[in-house]
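The following exercises are to be worked with the sequence and the coordinates at hand. Each task is followed by a solution that proceeds step by step.

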Amino acid sequence: MELDLAGAELKAVLNRLRRAQGQISGVIRMIEEGRDCEEVVTQLAAASRALDRAGFAIIATGLQQCLSEMENGRGDGEDADKMRARLEKLFLSLA
């Protein structure tokens, strides 16, 4: 299963990943500065959500592409049950 992100999808995922990258840098800086634990955890949770959202966007795109390929008979020979199991495993890896 090869993922093909294009245009707006790619831009949205990259923006989320950059946001998470900035938040993680901020968390590191906060820890180095000895900032309040609650503030650090709040920022860490925000970074985690940004990463999760990027992952979900990638999985959603993959699902859409796989379903489209299956409907058009262009699958790589993998049957629907195996594809569903692989996508479910990916989805649950973010849960």
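**Exercise 1. Confidence of the model**

Task: Establish the average pLDDT of the chain, and state in which helix confidence is lowest and in which it is highest.

Solution. Step 1: the model is a predicted one, and the chain averages a pLDDT of 81. A score of at least 70 is reached by 82% of the residues.
Step 2: the highest confidence belongs to helix α1 (residues 7-32), with a mean of 89. The lowest belongs to helix α3 (residues 80-93), with a mean of 77.
Step 3: a general caution applies, namely that predicted coordinates should not be read in detail where pLDDT is low.

**Exercise 2. Overall architecture**

Task: Determine how many helices and strands the chain has, and what share of its residues counts as buried.

Solution. Step 1: the chain contains three helices and zero strands, and its pattern along the sequence is α-α-α.
Step 2: of its 95 residues, 21% are classed as buried. The accessible surface amounts to about 6,800 Å², and carbon and sulfur atoms supply 54% of that area.
Step 3: among contacts in the chain with a separation of 6 or more, 69% join residues 24 or more positions apart.

**Exercise 3. The span of helix α1**

Task: Compare the expected span of α1 with the distance between its end C-alpha atoms.

Solution. Step 1: helix α1 has 26 residues, and at 1.5 Å a residue it should span 38 Å. The expected value is 1.5 Å times one less than the number of residues.
Step 2: the end C-alpha atoms of α1 lie 38 Å apart, so the expectation and the model agree.
Step 3: just after α1, Gly-34 adopts a positive phi of about 75 degrees.

**Exercise 4. Buried and accessible positions of α1**

Task: Identify which residues of α1 are buried, and decide whether Gln-23 and Leu-17 are buried or partly exposed.

Solution. Step 1: the buried residues of α1 are Val-13, Ala-20, Gln-23, Gly-26, Val-27 and Met-30. In an α-helix there are 3.6 residues a turn, so residues three or four places apart point the same way.
Step 2: Gln-23 has a relative accessibility of 18% and therefore counts as buried, the cut-off being under 20%. Leaving aside residues up to four places away in sequence, Gln-23 touches Gln-43, Ala-46, Ala-47 and Ala-50.
Step 3: Leu-17, also in helix α1, has 35% relative accessibility and so counts as partly exposed. Leu-17 contributes to a nonpolar surface patch of about 440 Å², together with Leu-10, Leu-14, Ile-24, Ile-28 and Leu-51. Five residues of the patch, its largest share, come from α1.
Step 4: Asn-15 is another residue of helix α1, partly exposed with a relative accessible area of 35%. Asn-15 and Ala-50 are separated by 35 residues in sequence and by 9.4 Å in space, C-alpha to C-alpha.

**Exercise 5. Salt bridges**

Task: Find how many salt bridges the whole structure has, and which residues are linked in a network.

Solution. Step 1: a search of the whole structure returns two salt bridges. One joins the side chains of Arg-35 and Glu-33, with an N to O distance of 3.6 Å. Arg-35 also forms a salt bridge with Glu-39, where the closest N and O atoms are 2.9 Å apart.
Step 2: Glu-33, Arg-35 and Glu-39 are thus linked in a network of salt bridges.
Step 3: the accessibilities are then assigned. Glu-33, at 51%, counts as exposed, because the threshold is over 50%. Arg-35 is partly exposed at 41%, and Glu-39 is partly exposed at 34%.

**Exercise 6. Two residues of helix α3**

Task: Classify Met-83 and Glu-88 as buried or partly exposed, and state how far each is from its stated partner in space.

Solution. Step 1: Met-83 lies in helix α3 and is buried, with a relative accessible area of 8%. Met-83 and Leu-63 are 20 residues apart in sequence, with their C-alpha atoms 9.3 Å apart.
Step 2: Glu-88 lies in helix α3 and is partly exposed, with a relative accessible area of 38%. Glu-88 and Ile-59 are 29 residues apart in sequence, with their C-alpha atoms 9.4 Å apart.

How values were computed: Residues numbered from 1 in each chain as written. Predicted model: local features only at pLDDT ≥ 70, side-chain atom pairs only at ≥ 80, totals over all residues. Heavy atoms only, no water. pLDDT = per-residue confidence, 0-100. Helix = DSSP H or I, 4+ residues; strand = E, 2+ residues; numbered from the N terminus. Patch = residues over 30% accessible without salt bridge, like charges linked within 9 Å, V, L, I, M, F, W, Y side chains within 5 Å. Areas by Shrake-Rupley, 256 points an atom, 1.4 Å probe, with all protein chains shown as cover. Salt bridge = Lys/Arg side-chain N within 4 Å of Asp/Glu carboxyl O. Buried < 20%, exposed > 50% of the residue type's maximum accessible area, 1.4 Å probe, protein only. Contact = heavy atoms within 4.5 Å.
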